[in-house]
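User: Could you take a close look at one part of this model for me, and then follow the connections from there into the rest of the fold? I'd enjoy a walk through the details rather than a summary.

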Amino acid sequence: GVQMIVAEGETNATSGVVVTVRNTNGANGLASVSVPADDIDSADGAIADGTENYGLCVATAGLTGFARSSPYNSGTCAVNSETNDIQGLTSTGENILNSATVPMVGGHAEIIVNGAISNVTPAHSDYTDTLTFIATSTF
């Protein structure tokens, strides 16, 4: 998996902050640029060697000021793990983090990107997807 620190900082918003995530390819996950029909699907579930899947989870260690939002608030998620429980991505977006409706000081969250292929996943060097994170403060 790849580790991203996507949220770090503070807000004086009286009702806190919510972070959402969406991707370009939806459930098609990672798509080949040269052969768009070849993709690595994105679905809820555990990452396992030999089983095609791609998605995100929020590491619980080091999570400060934020809480994992539903549906990202269940399952295990750790840095450098090949067995994280991930959420499939959607092009419409889902909440991933929140500050529990209170102002936040010193917030920190790490999002882990996980992917695995099967023995029938077509080989390409150009699989891609675009992730968009939006932080919304509420006053």
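Analyst: Happy to! Let's start at Thr121, which has a relative accessibility of 11% and therefore counts as buried, the cut-off being under 20%. Please keep in mind throughout that this is a predicted model.

Thr121 sits in the loop between strand E10 and strand E11, the latter covering 127-128. Leaving aside residues up to four places away in sequence, Thr121 touches Ile40, Glu52 and Tyr127. With Glu52 there is a polar contact between side chains, at 2.7 Å. Closer along the chain, a polar atom of the Thr121 side chain lies 3.0 Å from the backbone nitrogen of Ser118. The link to Ile40 spans 81 residues of sequence, yet the two C-alpha atoms are separated by 7.4 Å.

Two of those partners lead us to a sheet. Strands E4, E3 and E11 form an open sheet in the order E4-E3-E11, with antiparallel pairing. Its edge strands are E4 (39-40) and E11, each pairing on one side only. Strand E3 (residues 30-32) is joined to E11 by two bridges and runs antiparallel to E11. Tyr127, one of the residues that Thr121 touches, is the bridge partner in E11 of Ser32.

On the other side of our loop is E10, which covers residues 104-116 and pairs in the antiparallel sense with strand E6 over six bridges. One of the pairs to look at is Cys57 with its bridge partner in E10, Ile112. E6 (residues 53-58) is mostly covered, with six of its six residues buried. Both faces are involved: Asn53, Gly55 and Cys57 lie on one side, Tyr54, Leu56 and Val58 on the other, and all are buried.

E10 also carries some polar residues that deserve your attention. Asn114 lies in this strand and is buried, since its relative accessible area is 3% and the limit is under 20%. Its side chain makes a polar contact of 3.1 Å with the side chain of Asn84. A polar atom of the Asn114 side chain also lies 3.2 Å from the backbone oxygen of Ile112, the residue we just met as the bridge partner of Cys57. Glu110 is in E10 too. This acid is buried yet has no salt bridge, and the nearest side chain of opposite charge, Arg68, is 13 Å away. What Glu110 does have is a polar contact of 2.9 Å between its side chain and that of His108.

Now for the nonpolar side of the picture. The largest nonpolar core holds 17 residues, and Leu56, Phe66, Tyr72, Ile96 and Leu97 have the most contacts inside it. Two or more residues come from each of strand E2 (17-23), E6, E9 and E10. E10 gives the most, with four residues. As background, nonpolar side chains tend to be buried together in soluble globular proteins.

Arg68 and Leu97 bring us to another sheet. In E9, Leu97 is the bridge partner of Arg68. E7 and strand E9 (residues 94-98) are joined by two bridges and run antiparallel. They belong to an open, antiparallel sheet of four strands in the order E7-E9-E2-E12. Strand E7 (67-68) and strand E12 (131-137) stand at its edges with a single partner strand each, so one side of each has no neighbour in the sheet.

Finally, a look at the loops around these strands. Between E7 and E8 you find Pro71, and the peptide bond that leads to this proline from Ser70 is cis, with omega near 10 degrees. Asn80 is in the loop between E7 and E8 as well. Its phi is near 60 degrees, a positive value in a residue other than glycine. Asn80 counts as exposed because its relative accessibility is 74%, and the threshold is over 50%. Thr92, in the loop between strand E8 (85-86) and E9, is likewise exposed, at 72% relative accessibility. Thr92 and Thr24 are 68 residues apart in sequence and 8.9 Å apart in space, C-alpha to C-alpha.

Definitions and conventions
Residues are numbered from 1 along each chain as its sequence is written. This is a predicted model: local features need pLDDT of at least 70, side-chain atom pairs count only at pLDDT 80 or more; totals for chains, interfaces and linings use all residues. Side-chain values use heavy atoms; hydrogens and water are left out. Buried means under 20% relative accessible area, exposed over 50%, partly exposed in between (1.4 Å probe, protein chains only). Two strands pair if DSSP finds at least two bridges between them. Contact means heavy atoms within 4.5 Å. A polar contact is a pair of N or O atoms within 3.5 Å; within protein, one must be able to donate a hydrogen and the other to accept it, and residues adjacent in sequence count only if both atoms are side-chain atoms. Lys and Arg count as positive and Asp and Glu as negative; His and the chain ends are not counted. A salt bridge is a side-chain nitrogen of Lys or Arg within 4 Å of a carboxyl oxygen of Asp or Glu. A nonpolar core is a set of buried Ala, Val, Leu, Ile, Met, Phe, Trp, Tyr and Cys residues joined through side-chain atoms within 4.5 Å.
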